Structures are given as C-alpha cells and as structure tokens.
Amino acid sequence: MDVFRVGTRTGMKPLSEKSFFNYATVAPMSRTAYEAARTFMDDFYQYGPPEVLHRYDLLADNMATEAARLINCSSDEITYLKNTTEGIIIASEALPLRCGDEVLVLGNEYPANLLPWLRKRQEGVKVKVITGSDSEGAFRRLIETIGPRTKAISMSSAQRYDGFMPNLALLSGKCRDLGIFLVVDAVQHIGARTVDVSKTPVDILVCGGQKYLRAGLGIGFMYVSRSVMPALRDSRVGIRSVEHFDEDSYILKGTAARFQDGTQNMPGLAALHSALREINNIGMDAIEQKNLAILEGLKAILRENKIDFIDFGVLQSNIVAIRTPDPSALVNFLMERGVYTKAIQDVTRVSFIHESKLEDIEVMACYMREFLNGGRIAVRGAVRRKAAPAESPTGPNSLRISAPLPSI
Ligand SMILES: Cc1ncc(COP(=O)(O)O)c(C=O)c1O
C-alpha cells in the first residue's frame with residue numbers, strides 16, 4: 001500500500017478554491033518555481049547523473065546572482081540555506097562571540113531568531129531578550145538597551161506577529177558606529193519590500209524561500225557581507241566550503257560559499273533561482289508599490305467593517321494583525337468558508353502578496369464581521385474567488401478604493 005497516495009487527497013481543497021491570506025507562514029509555490037523544480041526532477045529521473053549534474057552545475061551560482069540582484073550585493077556574498085533557522089544558527093556559531101559578550105534579541109520573534117541565541121548562553125554569552133508583543137515599543141527598548149558589552153543584535157526586519165518594520169537604517173547606523181554585528185532575519189521582508197544592503201548595511205541576512213519568494217520548502221538564501229567575512233569562525237566545513245584540502249589541513253573559500261557543506265538540494269535551488277529571477281524581472285520596486293497599495297486597501301476595508309487591527313502605517317510589511325477575542329475560532333470560521341489566515345497569540349494574522357485581490361479581501365472582511373457579530377449576519381452562498389458575498393449589511397461591496405491598484 002502506498003501510504004503517500006491512499007486517501008491523502010480527500011478533504012484537501014485545491015488552491016483555486018482557496019482565498020489565501022497566509023503567505024507569512026508557508027505560501028503556495030509560484031508556477032515558475034514549480035516548473036523549474038519539476039524540470040530538474042524530470043531531467044534527473046530521465047537522464048540522470050553525470051550529465052544532469054554537469055548541466056545544472058552552475059545552479060547555486062545562478063541563484064546567488066539573482067539573490068544578489070534582488071538585495072544589491074555581490075553574488076560572492078550569497079549562499080543557499082535549507083531554511084531561515086539554519087542561517088541564524090550559522091550566524092550564532094560563526095560570529096566571534098566570547099564569554100561575557102552581549103547579544104540583544106526580541107522575545108516575541110519566531111523561534112528561528114531566538115533559540116539559536118539562547119543556546120549561546122551555554123558558552124557564557126549574555127543573551128538579553130527584550131520581551132513584549134508591542135513590536136514598536138520592543139524595538140525602541142532594544143535600541144535603548146545597547147551598551148558597551150553589546151557585540152551582536154539579531155532581529156527580523158519585518159515582525160511575523162504584526163508586520164512591524166523597524167527602522168533598519170537607524171539600527172544599521174548604530175551597529176556600524178558601535179562595532180556591533182547585525183544579523184537580520186528578512187523572511188517576512190524579502191519579496192514584499194525592497195531590501196538594499198548596499199544602502200543599509202547588515203553583516204548577515206537570512207531568508208527562507210517558503211513565504212513571499214514562493215519557492216517551496218527547504219530552500220532559502222543567506223547574505224554574508226564581505227566586510228564581516230574575515231572575522232567569522234569556521235563554523236561549518238565540508239567539501240563545498242573549501243578551496244583546497246588534504247589529509248591534514250584545509251583552506252576555506254573566501255566567499256559566502258564557505259558555509260556550504262555537501263550534496264545540494266538541486267530541486268530547491270532550481271525553484272529558488274526561478275522565483276528570484278521572476279521577481280527581478282518584474283521589478284521589486286513595482287512589486288513593493290503594488291503591495292503598499294494593497295496594504296492601504298486592506299486597511300480601508302477593515303476600517304469600513306469596524307475590524308480592529310494593529311496599524312504601523314507604511315512601516316508595515318504584507319502582514320496585518322487583527323485583534324479579535326478568539327483568533328483560533330475566527331481562523332477556523334474563515335477556513336470553513338475557504339478563507340485561510342493564521343492565529344498568532346492574541347491576533348488573527350492576515351498576509352498577502354502583490355497578486356492578492358481586494359475583492360477577496362472584501363469577502364474575508366465580510367466573514368470576519370459576521371463572526372464578530374456572533375454569526376448574526378448571514379452571508380449567502382460559498383466564497384467564490386473574485387466575487388464578494390451576495391449580501392453585506394456593512395457594505396464592503398460598496399467600498400471603493402480611491403486609486404486603482406498599479407498594474408504590473
Ligand atoms: C520571522 C520568521 N523567521 C523565520 C521563520 C521560519 O523559519 P524557517 O525558515 O527556519 O522555517 C518564520 C516563519 O515561519 C518567521 O516568521
């Protein structure tokens with residue numbers, strides 16, 4: 001019996017029937033990423049090694065070229081990761097932190113950006129955790145906490161809880177001035193907003209491919225600034241990280257590839273390469289403009305429906321956190337109606353991409369209103385993508401966003 005086939009597809013709703021607003025968790029794969037991974041798998045299956053390995057030999061380099069184009073650095077400063085957590089683990093191991101050195105992190109981060117740092121306490125590193133779910137206040141306190149022993153700061157450039165985007169230029173400037181290493185988890189940022197490491201320097205930046213890049217699972221990339229490279233420890237050494245080795249010694253590569261190890265995730269690399277190339281070809285600025293317009297439209301729809309949310313103006317990524325009494329119940333209520341969101345602590349998190357539709361957001365808001373009114377507002381008919389519900393007492397159908405969304 002093939003356990004991966006029998007019955008597994010029953011009860012699964014196809015994406016075409018979903019109103020998907022949970023890109024900040026795991027996004028559906030983009031068509032281009034899917035086709036690239038599938039082409040690699042077809043080639044590998046049909047033609048196999050060694051020809052296929054030779055043919056795809058430059059895939060990691062090509063991915064690095066596209067990632068470098070996206071964040072404005074040299075391709076030598078990019079390597080691949082299996083996920084964001086791996087990048088933070090590498091940063092926590094490779095930075096030259098000693099007993100008594102201080103690292104600052106935020107407590108309300110995703111565990112990827114907290115646990116690898118907490119482990120450093122075993123080595124006598126003082127890890128100060130700035131707690132609290134008020135992201136703006138926590139960032140302010142993090143800046144105030146910087147002291148003479150602070151050697152590294154690690155934080156997300158867009159917070160997964162509420163989309164808050166800290167003033168990265170301010171943080172970057174402070175870290176430069178004070179000689180503090182800056183590690184950035186940009187998984188909720190890249191593909192949603194522009195990142196330019198030449199304008200806003202950071203030492204290490206990591207990003208999984210499963211969210212706004214829509215590259216699927218188990219692949220991501222890491223930027224390691226050329227300037228920090230000589231200070232880093234050999235935290236991981238394998239055949240792909242060395243320039244040369246013999247039975248007795250090795251010489252590390254001088255590029256970010258020094259953090260590679262052994263056999264590569266080729267389907268993942270193919271998907272990530274294509275996903276990045278597509279974003280670059282469309283243009284990140286155009287994607288950002290569209291995202292900002294959708295963010296404004298989403299907020300207008302929520303206000304129109306009197307739905308309370310955390311608002312950071314334009315200092316907000318493609319995430320809006322909605323304050324509701326029982327987020328898990330709301331998320332289930334919406335999912336039963338084909339609308340996918342995510343409960344995080346005390347909020348319902350809505351996250352979108354530049355292809356998201358305001359019509360679908362209107363439908364979602366209408367269902368939220370219905371839930372908040374204790375189910376008293378009947379929405380007739382199932383959610384149909386691109387179609388608002390037949391009846392809506394709060395009138396989201398009549399809402400018109402002042403400016404049309406930019407087309408890209
Ligand atoms: C800020 C942040 N970092 C990292 C991750 C994911 O980490 P990983 O790519 O290791 O699964 C998430 C969400 O899943 C996140 O929101």
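What follows is a walk through this structure, from its domains down to a few details of the backbone. Keep in mind that the model is predicted.

Let's start with the overall layout. The domain assignment splits the chain into domain 1, residues 31-282, and domain 2, residues 283-398. Their C-alpha centres sit 31 Å apart. The two domains do touch: 17 residues of domain 1 are in contact with 20 residues of domain 2. If you look at the domain 1 side of that contact, you'll find nine nonpolar, five polar and three charged residues.

Now for the sheets. One of them is an open sheet of seven strands, and its order is β2-β8-β7-β6-β5-β3-β4, with mixed pairing. At its edges are β2 (78-81) and β4 (126-130); each has a single partner strand, so one side of each has no neighbour in the sheet. Going from one strand to the next, the twist averages 20°. For a look at the pairing inside this sheet, take strand β6 (residues 181-185) and strand β7 (residues 204-208), which run parallel and pair over three bridges. Here V184 stands opposite L205 in β7. A helix also lies across part of this sheet: helix α3 (residues 59-71) lies across β2 and β8 (220-224), and it runs at about 110° to β2.

There is another open sheet to find, this one made of three strands in the order β11-β14-β13, with antiparallel pairing. β11 (319-323) and β13 (342-344) are the edge strands, and each pairs on one side only. The twist in this sheet averages 35° from one strand to the next. Zoom in on β11 and strand β14 (residues 347-351) and you'll see antiparallel pairing over five bridges, with A321 standing opposite R349 in β14.

Next, the helices. Two packed helices are described by the angle between their axes and the distance between the axes. A pair to try this on is helix α1 (residues 31-46) and helix α8 (residues 266-282), whose axes come within 7 Å and cross at roughly 145°. That crossing is right-handed. On the α1 side, the contact involves T32, A33, A36, A37, T39, F40 and M41, while α8 brings M266, P267, A270, A271, H273, S274, A275 and E278. What sort of residues make up this contact of α1 with α8? They divide into ten nonpolar, four polar and one charged.

On to the ligand. Which of the 13 residues around the ligand come nearest? They are N83, T84, T85, R160 and G208. The shell around the ligand divides into three nonpolar, eight polar and two charged residues.

Finally, a couple of backbone details that are worth a look in the loops. The peptide bond from P49 to P50 is cis, with omega near 0°. You'll find P50 in the loop between α1 and α2 (51-55). The other spot is K306, a residue other than glycine with a positive phi, near 55°. K306 lies in the loop between α9 (284-304) and β11, and β11 is an edge strand of the three-stranded sheet we met above.

Methods
Residues numbered from 1 in each chain as written. Predicted model: local features only at pLDDT ≥ 70, side-chain atom pairs only at ≥ 80, totals over all residues. Axes fitted to C-alpha atoms, helices over the stretch in contact; angles between N-to-C directions. Helix = DSSP H or I, 4+ residues; strand = E, 2+ residues; numbered from the N terminus. Left-handed = near helix turned anticlockwise from the far one by under 90°. Contact = placed C-beta atoms within 7 Å. Nonpolar A, V, L, I, M, F, W, Y, C, P; charged D, E, K, R; others polar. Near = placed C-beta within 6 Å. Domains from an automatic or database assignment. Pairing = 2+ DSSP bridges.
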